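Hi,

Here is the structure I promised to send over. Have a look at it first, and then read my notes below.

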Amino acid sequence: MWQPSEIKYSIESFQTSTGVVRVMTDAGVGFLKALGSSQGPHSLVREYVGTSVAKFLGLKTLEFAIIVVHSEDEIVLGTGENAVPGPAFITKEVQSAIPGTVEIKKVSNTNEFAGLVLTDTLLLNKDRFPGIRVGNPNYDNLLFVKSSTDHTKYELITMDFSYCMHTSHSIGRTLAHIDSVKNEAIYGLFPEFKEFITTDTIKPFKDKLNLLDAECINTILTSVPVEWDFNQTTKEILKDFLVSRAYYLYD
């Protein structure tokens with residue numbers, strides 16, 4: 001498990017809504033999302049919970065952790081503002097990462113296309129691909145890396161959940177509303193994925209979905225820092241939504 005404990009210095013700030021900063025840590029280079037971005041602290045909650053759920057369902061994700069930003073770290077966001085001290089979400093940089101698209105025939109884990117669609121649909125993640133009638137595909141939210149076993153192939157890495165479960169700027173009671181729980185839209189279904197979505201490829205992810213119960217979700221939510229404006233009410237809203245949504249989607 002990758003677990004950096006200290007930020008050494010900032011390398012590069014990016015002009016993104018969540019204020020991503022590339023930093024050097026005591027465990028190598030990572031991409032930091034800290035408090036103080038225009039998207040508010042609940043974007044960090046969504047990122048952590050979304051990535052944790054994706055990993056639980058069996059998707060290949062970036063290694064991630066929670067790291068504390070201190071005032072003396074002087075992390076400057078792309079907006080020019082300093083990051084707010086406190087816990088932050090960080091992912092480990094991977095070598096040979098290619099954002100966007102690659103030739104489908106060169107992807108070795110096309111079975112995970114089904115898992116990404118299921119996960120984005122479960123989490124109402126409209127930021128990757130909300131559907132042709134709703135918006136354009138966001139290929140920047142796809143990430144591929146060279147396969148560790150065959151360097152002529154690539155693997156899909158599922159990442160970026162800052163806008164999942166985004167019924168409002170902050171996580172509120174509208175998320176647990178019946179219209180959200182029983183939303184029938186399918187998210188993440190890029191046109192290139194369709195031929196790979198079959199009963200066989202969806203089955204292992206569906207089986208894992210059936211195990212995403214209240215106990216499992218509680219385990220994930222227990223690790224979310226309270227500094228991310230994460231109180232008991234927000235925790236109950238997320239738990240109620242995820243339990244109900246998983247049950248509905250599985251059924």
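What follows is a walk through what turned up, from the whole chain down to single residues.

First, a caveat: this is a predicted model, so please read everything below in that light.

**The whole chain**

The protein chain has 6 helices and 8 strands. If you follow the sequence from start to end, the order is β-β-β-α-β-β-β-α-β-β-α-α-α-α. How compact is the protein chain for its 251 residues? Its radius of gyration is 18 Å, close to the 18 Å from the globule rule, so the chain is as compact as a globular protein of that length. The C-alpha trace spans about 50 × 45 × 35 Å along its principal axes.

As for what is inside and what is outside, 49% of the 251 residues are buried. The chain exposes about 12200 Å², and carbon and sulfur atoms supply 50% of that area. Among contacts with a separation of 6 or more, 71% are between residues 24 or more positions apart.

**Helix H2 and the turn after it**

H2 caught my eye. How many of its residues are buried? The count is 11 of 11, so "mostly covered" fits by the under-20% cut-off for buried. The buried set includes Phe113, Leu116, Val117 and Leu118, but also Glu112 and Asp120, which carry acidic names you might want to find in the viewer. These buried residues pack against helix H1 (42–56), strand E8 (154–157), H4 and helix H6 (232–250).

Just after H2 comes Leu124, with a positive phi of about 50 degrees, although Leu124 is not a glycine. Leu124 lies in the loop between H2 and E7 and is buried, with a relative accessible area of 4%.

There is another residue of this kind: Asp229 is not a glycine either, and its phi is near 55 degrees, a positive value. Asp229 belongs to the loop between helix H5 (214–222) and H6. Buried or exposed? At 41% relative accessibility, Asp229 counts as partly exposed.

**A small sheet**

Strands E6, E7 and E8 form an open sheet in the order E6-E7-E8, with antiparallel pairing. At the edges are strand E6 (98–99) and E8, each of which pairs on one side only. E7 and E8 run antiparallel and are joined by 4 bridges. If you want one of them to look at, Lys146 has Tyr154 in E8 as its bridge partner.

**Aromatic rings**

The structure holds 9 aromatic pairs. One of them is Phe64 with Phe89, a stacked pair at 5.8 Å centre to centre and 25 degrees between the planes. This pair links distant parts of the chain, with Phe64 in strand E4 (residues 64–69) and Phe89 in strand E5 (residues 84–92), 25 residues apart. Phe64 counts as buried at 16% relative accessibility, and Phe89 is buried too, with a relative accessible area of 2%.

Another pair is Tyr139 with Phe190, which is tilted: 5.1 Å centre to centre and 40 degrees between the planes. Here too the pair links distant parts of the chain, 51 residues apart. Tyr139 sits in the loop between helix H2 (112–122) and strand E7 (143–146), while Phe190 sits in the loop between helix H3 (178–181) and helix H4 (199–209). Tyr139 is partly exposed, with a relative accessible area of 26%, whereas Phe190 is buried at 0%.

Which residues do ring pairs link into a cluster? They are Phe113, Phe129, Tyr139, Phe190, Phe193 and Phe196. Phe113 is also on the list of buried H2 residues.

**Charges over rings, and the end of the chain**

Two spots have a charged side chain over a ring. The charged end of Arg128 sits over the ring of Phe161, 5.2 Å from its centre. The charged end of Lys206 does likewise over the ring of Tyr250, 5.1 Å from its centre.

Lys206 comes up again at the end of the chain. Asp251 is in the segment after H6 and is exposed, with a relative accessible area of 75%. Asp251 and Lys206 are 45 residues apart along the chain, and their C-alpha atoms are separated by 9.9 Å.

Best wishes

Methods:
Residues are numbered from 1 along each chain as its sequence is written. This is a predicted model: local features need pLDDT of at least 70, side-chain atom pairs count only at pLDDT 80 or more; totals for chains, interfaces and linings use all residues. Side-chain values use heavy atoms; hydrogens and water are left out. Rings of Phe, Tyr and Trp (its six-membered ring) pair if their centres lie within 6.5 Å; planes under 30 degrees apart count as stacked, over 60 as edge-to-face and the rest as tilted. Helices (H or I, at least four residues) and strands (E, at least two) are DSSP runs, numbered from the N terminus. Buried means under 20% relative accessible area, exposed over 50%, partly exposed in between (1.4 Å probe, protein chains only). A charge sits over a ring if NZ of Lys or CZ of Arg is within 6 Å of the ring centre and within 35 degrees of the ring normal. Contact means heavy atoms within 4.5 Å. The radius of gyration is taken over C-alpha atoms; the globule rule is 2.2 Å times the number of residues to the power 0.38. Accessible areas come from the Shrake-Rupley method with a 1.4 Å probe; for residues, only the protein chains shown count as cover. Two strands pair if DSSP finds at least two bridges between them.
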